[in-house]
Structures are given as structure tokens and as C-alpha cells.
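Subject: Structure handover

Hello,

Please find the structure below. My notes on it follow.

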Amino acid sequence: MTIHIYSGPLSMFGAKVEIAAREKGLAFELVMVPFIEGDAYEPKHPVVLRVNPVKQQVPVLTDEIDGGVELFDSTQIFEYLEDRYPAPALWPEGIAERARARQLEQKSDEVFFPNVIKLFGLQHDMHSAAAIAACAGCARFYEEMEGLLATRVYLAGPYSFADIAFYMACVFADRKGAGMTDATPRLLAWRTRVGDRPAVRAVVDPMMRFLASQGRGVPAFLQR
Ligand SMILES: N[C@@H](CCC(=O)N[C@@H](CS)C(=O)NCC(=O)O)C(=O)O
């Protein structure tokens, strides 16, 4: 097996990479790093420490092809997967379209998801000003995506890494109390469309089973 993906049972960023590898039909070994209650990843896996010594985070991907490639960061790994394994494409064709899709993928991680990260620490106080602001940030982002979906089926035109990233971020937003509502019907339909993909189900279903096994909440839209 030339490809190894190091992830965690509740890693949003790791799930992005695993979905992308499955969409591309790649054979890979999934290595789940140690995970303890409190969403901590300890002790750190030695490969994660070698490849990502400063941040010490998953996902990490190693590929033995061509003398070996070792990468961390889900977005960097997306770029590698697309270059190395171009079919099926997960970025659109055309320089402008690809640039817009990359920007959406980055906004999902760095504009939308920071609101969700804030909510991780505010679950005990969802009526606080900080929690209300984070939920409002999510709602504004949902509205923006709803606007995009007026003219297309997926966020960047064809199904892309941008959809994978935002779908996973939405799963975690819902878990933390900032799920989408009937105010964004096109986005709700998009969520069903993306969530029904075999590659997505193959990653999200075990993650939800893990949550349930720990007695933790599973988003209503994923209870099946
Ligand atoms: N920007 C990174 C973020 C990676 C990240 O935050 N990973 C989390 C799990 S989802 C992690 O390893 N946390 C454990 C830690 O920081 O010690 C990416 O896109 O891969």
C-alpha cells in the first residue's frame, strides 16, 4: 500500500482528505491516531510528529511513489492529490474557475470554520454574546453559499474539493449548535446531494457511529 492517511476519529480535516482519496478511487491505508476524551490526540503518532513536528496535527498523508512524499494540512494534501491523481478531477476546469473554487475551499476552513471552533468552547454558554456572534457568522456564510447555489448545483460549478471541505465543516457546525435552517433551502438540498455520495457516506457514517458509541450527539440530519 503506497498511500497512508493519518487521521483521527473526529477529525474534520482528516475526513476531508479521506473523502477526497475515496472520490479519486485511491487505495490507501487509514491510520487512526490515538484519540482521548476531550477531542485531544495524545500520544502523538510518530509519523505525525515526523511529518508535522511543530503543529503535530492530523491529517498527514504519505505516498511512497517517486521516492516518497510526506505532507500535512488538508488543503495542501488536496493539491497533491489533484496533481498526482488527476482523474476524476476535483477542481473545475479553467484558471478563473479553479481560483474561485480554491478560494471557497479556503474560506470554508478559515472564514466559516473558526466560528465553529469558537463554539467548541462555548457549549456550556450558548446564550453568551460570543456564541451568538459565532452562530450569526455561520448563518451569514450559509446565506452567501445559498446565493452561489442559485446558479449552480455545487459550490464551484462541478463537484469539487470546495464541496468536500464545506460539507465536513457543516457537519461540525450542526453538532455545535450552528446548523443550517429552512432559511437556506438550496443549501439544504446541496447538503443532501453531497451527503449521499458514497465517498462521503463511507467517511461520515463511521464518524457518526463513533460519536454515538461515546454517547455524544449526532446531528439530526445524519441519524439513519
Ligand atoms: N489546517 C489544518 C488543520 C488540522 C487540524 O486542526 N487538525 C486537528 C484535528 S481536526 C488536530 O490534529 N488537532 C490536534 C492538535 O492540534 O493537537 C488542516 O487543514 O489539516
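A residue counts as near the ligand if one of its heavy atoms lies within 4 Å of it. By that criterion the residues around the ligand are Ser 11, Met 12, Phe 13, Tyr 41, Lys 44, Gln 57, Val 58, Pro 59, Asp 73 and Ser 74. This is a predicted model, in which local features need pLDDT of at least 70 and side-chain atom pairs count only at pLDDT 80 or more, while totals for chains, interfaces and linings use all residues. Residues are numbered from 1 along each chain as its sequence is written, and side-chain values use heavy atoms, leaving out hydrogens and water.

Polar contacts (pairs of N or O atoms within 3.5 Å) are as follows. An oxygen atom of the ligand lies 2.5 Å from a polar side-chain atom of Lys 44. A polar backbone atom of Val 58 is 2.7 Å from a ligand nitrogen atom, and a side-chain N or O atom of Asp 73 is 2.9 Å from a nitrogen atom of the ligand. The protein buries 74% of the 520 Å² that the ligand exposes when taken alone (Shrake-Rupley method, 1.4 Å probe).

An automatic or database assignment divides the chain into domain 1 (3–84) and domain 2 (95–200). Their C-alpha centres lie 22 Å apart. In contact (heavy atoms within 4.5 Å) are 16 residues of domain 1 and 16 residues of domain 2.

Regards

How values were computed: Polar contact = N/O pair within 3.5 Å; in protein donor to acceptor, adjacent residues only side chain to side chain.
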